[in-house]
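Visitor: I would like to learn how to read a structure like this one. Where should we begin?

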Amino acid sequence: MNEAHIIAKANEVRILAGQIFPIDPILVAKAMGLEVFTASLPRDVSGQIFYKKKIFIEQTDYITRQVFSVAHELGHYVLHNDGTSHISLRDTTSSQGIDTKEIEANFFAANLLMPQDEVLRLVGLKFTLDSMASYFNVSPIAMQYRLENLGISAYV
(Lines give C-alpha, C1' and ligand atoms only; values in the text may rest on other atoms or scores of the structure.)
Protein backbone atom coordinates (compact mmCIF):
# COMPACT_ATOMS: atom_id res chain seq x y z
CA MET A 1 0.00 0.00 0.00
CA ASN A 2 1.40 3.36 -1.03
CA GLU A 3 0.17 5.55 1.83
CA ALA A 4 1.29 8.82 0.22
CA HIS A 5 -0.72 7.98 -2.92
CA ILE A 6 -3.83 7.16 -0.90
CA ILE A 7 -3.50 10.34 1.18
CA ALA A 8 -3.13 12.40 -2.02
CA LYS A 9 -6.25 10.79 -3.52
CA ALA A 10 -8.23 11.44 -0.32
CA ASN A 11 -7.10 15.08 -0.36
CA GLU A 12 -8.18 15.45 -4.02
CA VAL A 13 -11.59 13.99 -3.28
CA ARG A 14 -12.07 16.06 -0.08
CA ILE A 15 -11.85 19.26 -2.14
CA LEU A 16 -15.16 18.24 -3.74
CA ALA A 17 -16.78 18.76 -0.32
CA GLY A 18 -15.31 22.23 0.04
CA GLN A 19 -13.02 21.25 2.94
CA ILE A 20 -15.75 22.07 5.46
CA PHE A 21 -15.92 19.71 8.42
CA PRO A 22 -17.52 17.36 8.92
CA ILE A 23 -16.93 16.07 5.41
CA ASP A 24 -20.14 14.73 3.90
CA PRO A 25 -19.10 11.72 1.80
CA ILE A 26 -22.54 11.63 0.17
CA LEU A 27 -21.94 15.12 -1.28
CA VAL A 28 -18.50 13.95 -2.40
CA ALA A 29 -20.06 10.89 -4.05
CA LYS A 30 -22.62 13.07 -5.84
CA ALA A 31 -19.87 15.41 -7.04
CA MET A 32 -18.16 12.32 -8.50
CA GLY A 33 -21.37 11.28 -10.27
CA LEU A 34 -22.22 8.49 -7.82
CA GLU A 35 -25.58 7.82 -6.22
CA VAL A 36 -25.84 6.67 -2.59
CA PHE A 37 -28.74 4.59 -1.32
CA THR A 38 -29.65 3.08 2.02
CA ALA A 39 -30.97 -0.45 1.81
CA SER A 40 -31.58 -3.54 3.85
CA LEU A 41 -28.37 -5.46 3.18
CA PRO A 42 -27.45 -8.98 4.31
CA ARG A 43 -26.42 -9.12 7.97
CA ASP A 44 -22.73 -9.45 7.15
CA VAL A 45 -22.62 -6.55 4.65
CA SER A 46 -22.07 -2.91 5.66
CA GLY A 47 -21.72 -1.46 2.19
CA GLN A 48 -21.51 -2.24 -1.48
CA ILE A 49 -20.39 -0.29 -4.52
CA PHE A 50 -21.31 -0.97 -8.08
CA TYR A 51 -18.77 0.73 -10.29
CA LYS A 52 -21.69 1.71 -12.46
CA LYS A 53 -21.89 4.58 -10.00
CA LYS A 54 -24.08 3.26 -7.19
CA ILE A 55 -23.21 2.84 -3.51
CA PHE A 56 -25.50 1.01 -1.09
CA ILE A 57 -25.12 1.21 2.68
CA GLU A 58 -26.97 -0.55 5.48
CA GLN A 59 -30.01 1.51 6.45
CA THR A 60 -30.08 0.38 10.10
CA ASP A 61 -26.47 1.37 10.86
CA TYR A 62 -25.79 4.41 13.02
CA ILE A 63 -25.23 7.56 10.96
CA THR A 64 -21.53 7.61 11.88
CA ARG A 65 -21.19 4.05 10.56
CA GLN A 66 -23.02 5.05 7.38
CA VAL A 67 -20.71 8.04 6.91
CA PHE A 68 -17.63 5.84 7.24
CA SER A 69 -19.16 3.16 5.00
CA VAL A 70 -19.77 5.70 2.21
CA ALA A 71 -16.21 7.05 2.59
CA HIS A 72 -14.88 3.47 2.57
CA GLU A 73 -16.80 2.64 -0.62
CA LEU A 74 -15.49 5.86 -2.19
CA GLY A 75 -12.04 4.52 -1.38
CA HIS A 76 -12.79 1.39 -3.37
CA TYR A 77 -14.15 3.52 -6.22
CA VAL A 78 -11.07 5.75 -6.35
CA LEU A 79 -8.44 3.09 -5.66
CA HIS A 80 -9.82 -0.21 -6.96
CA ASN A 81 -12.28 0.55 -9.75
CA ASP A 82 -12.07 -2.40 -12.10
CA GLY A 83 -15.54 -1.89 -13.58
CA THR A 84 -17.25 -4.62 -11.55
CA SER A 85 -18.63 -4.30 -8.01
CA HIS A 86 -17.31 -4.64 -4.49
CA ILE A 87 -18.99 -5.79 -1.28
CA SER A 88 -17.61 -4.72 2.11
CA LEU A 89 -18.33 -7.48 4.57
CA ARG A 90 -18.58 -7.38 8.34
CA ASP A 91 -16.75 -10.56 9.16
CA THR A 92 -13.68 -11.76 11.00
CA THR A 93 -11.47 -11.01 8.00
CA SER A 94 -12.58 -7.37 7.81
CA SER A 95 -12.05 -6.82 11.53
CA GLN A 96 -8.60 -8.46 11.40
CA GLY A 97 -7.48 -6.02 8.71
CA ILE A 98 -5.70 -8.58 6.52
CA ASP A 99 -7.30 -7.84 3.13
CA THR A 100 -5.15 -5.26 1.32
CA LYS A 101 -8.04 -3.63 -0.54
CA GLU A 102 -10.04 -3.30 2.70
CA ILE A 103 -7.04 -1.81 4.52
CA GLU A 104 -6.55 0.69 1.70
CA ALA A 105 -10.24 1.64 1.60
CA ASN A 106 -10.25 2.14 5.38
CA PHE A 107 -7.08 4.24 5.18
CA PHE A 108 -8.64 6.32 2.39
CA ALA A 109 -11.83 6.82 4.42
CA ALA A 110 -9.88 7.85 7.52
CA ASN A 111 -7.85 10.36 5.52
CA LEU A 112 -10.92 11.69 3.74
CA LEU A 113 -12.97 12.20 6.90
CA MET A 114 -10.22 12.89 9.46
CA PRO A 115 -7.17 14.39 7.69
CA GLN A 116 -3.98 14.38 9.71
CA ASP A 117 -3.49 18.17 9.74
CA GLU A 118 -7.00 18.79 11.07
CA VAL A 119 -6.70 16.01 13.67
CA LEU A 120 -3.42 17.48 14.90
CA ARG A 121 -4.97 20.96 15.03
CA LEU A 122 -7.79 19.66 17.25
CA VAL A 123 -5.34 17.75 19.45
CA GLY A 124 -3.40 21.01 19.87
CA LEU A 125 -6.62 22.74 20.90
CA LYS A 126 -7.14 20.00 23.53
CA PHE A 127 -10.34 18.60 22.01
CA THR A 128 -11.52 15.45 23.75
CA LEU A 129 -11.85 12.22 21.79
CA ASP A 130 -15.65 12.52 21.84
CA SER A 131 -15.49 16.17 20.72
CA MET A 132 -13.22 15.22 17.82
CA ALA A 133 -15.51 12.33 16.85
CA SER A 134 -18.46 14.73 16.84
CA TYR A 135 -16.50 17.34 14.85
CA PHE A 136 -15.67 14.79 12.14
CA ASN A 137 -19.06 13.00 12.40
CA VAL A 138 -17.41 9.63 13.04
CA SER A 139 -17.78 7.15 15.87
CA PRO A 140 -15.53 7.47 18.93
CA ILE A 141 -14.04 4.08 17.96
CA ALA A 142 -13.14 5.35 14.46
CA MET A 143 -11.65 8.47 16.05
CA GLN A 144 -9.63 6.38 18.49
CA TYR A 145 -8.27 4.20 15.66
CA ARG A 146 -7.32 7.33 13.71
CA LEU A 147 -5.47 8.80 16.69
CA GLU A 148 -3.67 5.50 17.29
CA ASN A 149 -2.70 5.25 13.61
CA LEU A 150 -1.27 8.77 13.78
CA GLY A 151 0.77 7.76 16.84
CA ILE A 152 -1.24 9.91 19.25
CA SER A 153 -1.75 7.91 22.41
CA ALA A 154 -2.86 10.62 24.84
CA TYR A 155 -6.48 9.88 24.06
CA VAL A 156 -6.43 6.09 24.33
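The talk below goes from confidence to fold, core, pocket and backbone.

Visitor: What average pLDDT does the chain have?

Guide: Start with confidence, since this is a predicted model. The chain averages a pLDDT of 86. Of its residues, 85% score at least 70.

Visitor: Which element has the lowest mean pLDDT, and which the highest?

Guide: Helix H4, residues 92-96, is the lowest, with a mean of 49. Helix H7, residues 129-136, is the highest, at 97. Look also at residues 91-95, where pLDDT stays under 50. For that stretch the model has two contacts beyond four places in sequence.

Visitor: How many helices and strands does the chain have?

Guide: Eight helices and four strands. Order comes next. Along the sequence the pattern reads α-α-β-β-β-α-β-α-α-α-α-α.

Visitor: What share of the contacts joins residues at least 24 apart?

Guide: Count contacts between residues at least 6 apart in sequence; 59% of them join residues at least 24 apart. Burial adds another view: 41% of the 156 residues are buried.

Visitor: Which residues touch the most other members of the largest nonpolar core?

Guide: Leu-74, Met-114 and Met-143 do, in a core of 36 residues. Several helices feed this core with at least two residues each, among them H1, H2, H3 (63-80) and H5 (100-113). Strand E3 (54-58) also supplies at least two.

Visitor: Which residues does Leu-74 touch, beyond four places in sequence?

Guide: Pro-25, Val-28, Ala-29, Met-32, Leu-34, Ile-55, Phe-108 and Leu-112.

Visitor: Pro-25 is on that list. Is Pro-25 buried or exposed?

Guide: Check its relative accessible area against the 20% cut-off for burial. Pro-25 has 1%, so this residue is buried. Pro-25 sits in helix H2. Beyond four places in sequence, its contacts are Val-67, Val-70, Ala-71, Leu-74 and Leu-113. Now compare sequence with space. Pro-25 and Ser-69 are 44 residues apart along the chain, and their C-alpha atoms are separated by 9.1 Å.

Visitor: Where is Glu-35, and what does Glu-35 contact beyond four places in sequence?

Guide: Glu-35 lies in strand E1, residues 35-39. Its contacts of that kind are Lys-53, Lys-54 and Ile-55. Relative accessibility is 39%, so Glu-35 counts as partly exposed. From Glu-35 to Phe-56 the C-alpha separation is 8.5 Å, with their places 21 residues apart along the chain.

Visitor: Now empty space. How is it found?

Guide: Rolling a probe the size of a water molecule over the atoms shows where empty space is left. Take the second largest pocket here, with a volume of about 180 Å³.

Visitor: Which residues line the second largest pocket?

Guide: The lining consists of Ile-7, Asn-11, Arg-14, Gln-19, Phe-21, Asn-111, Pro-115, Gln-116, Asp-117 and Glu-118. Helices H1 and H6 each supply at least two of the lining residues. By type, the lining divides into three nonpolar, four polar and three charged residues.

Visitor: Phe-21 is in that lining. What kind of peptide bond joins Phe-21 and Pro-22?

Guide: The general idea first. Most residues other than glycine have a negative phi, and most peptide bonds are trans. The bond between Phe-21 and Pro-22 is cis, with omega about 0°. Pro-22 is in the loop between H1 and H2.

Visitor: Which other residue is found in the loop between H1 and H2?

Guide: Gly-18 is one of them; H1 spans 3-14 and H2 spans 25-31. Gly-18 is partly exposed, at a relative accessible area of 44%. Gly-18 and Val-28 are 10 residues apart in sequence and 9.2 Å apart in space, C-alpha to C-alpha.

Visitor: What is phi of Lys-126?

Guide: Near 65°, a positive value in a residue other than glycine. Lys-126 is in the loop between H6 and H7. With 68% relative accessibility, Lys-126 counts as exposed.

Visitor: And what is phi of Asn-137?

Guide: Near 60°, again positive in a residue other than glycine. Asn-137 belongs to the loop between H7 and H8. Its relative accessible area is 25%, so Asn-137 is partly exposed.

Conventions. Residues numbered from 1 in each chain as written. Predicted model: local features only at pLDDT ≥ 70, side-chain atom pairs only at ≥ 80, totals over all residues. Heavy atoms only, no water. Buried < 20%, exposed > 50% of the residue type's maximum accessible area, 1.4 Å probe, protein only. pLDDT = per-residue confidence, 0-100. Contact = heavy atoms within 4.5 Å. Core = buried A, V, L, I, M, F, W, Y, C linked by side-chain atoms within 4.5 Å. 1 Å grid on protein atoms, 1.4 Å probe; cavity = no way out; pocket = protein on both sides within 12 Å on 5 of 7 lines; lining within 4 Å. Points joined across faces, edges and corners; volume = space filled by probe spheres on them. Nonpolar A, V, L, I, M, F, W, Y, C, P; charged D, E, K, R; others polar.
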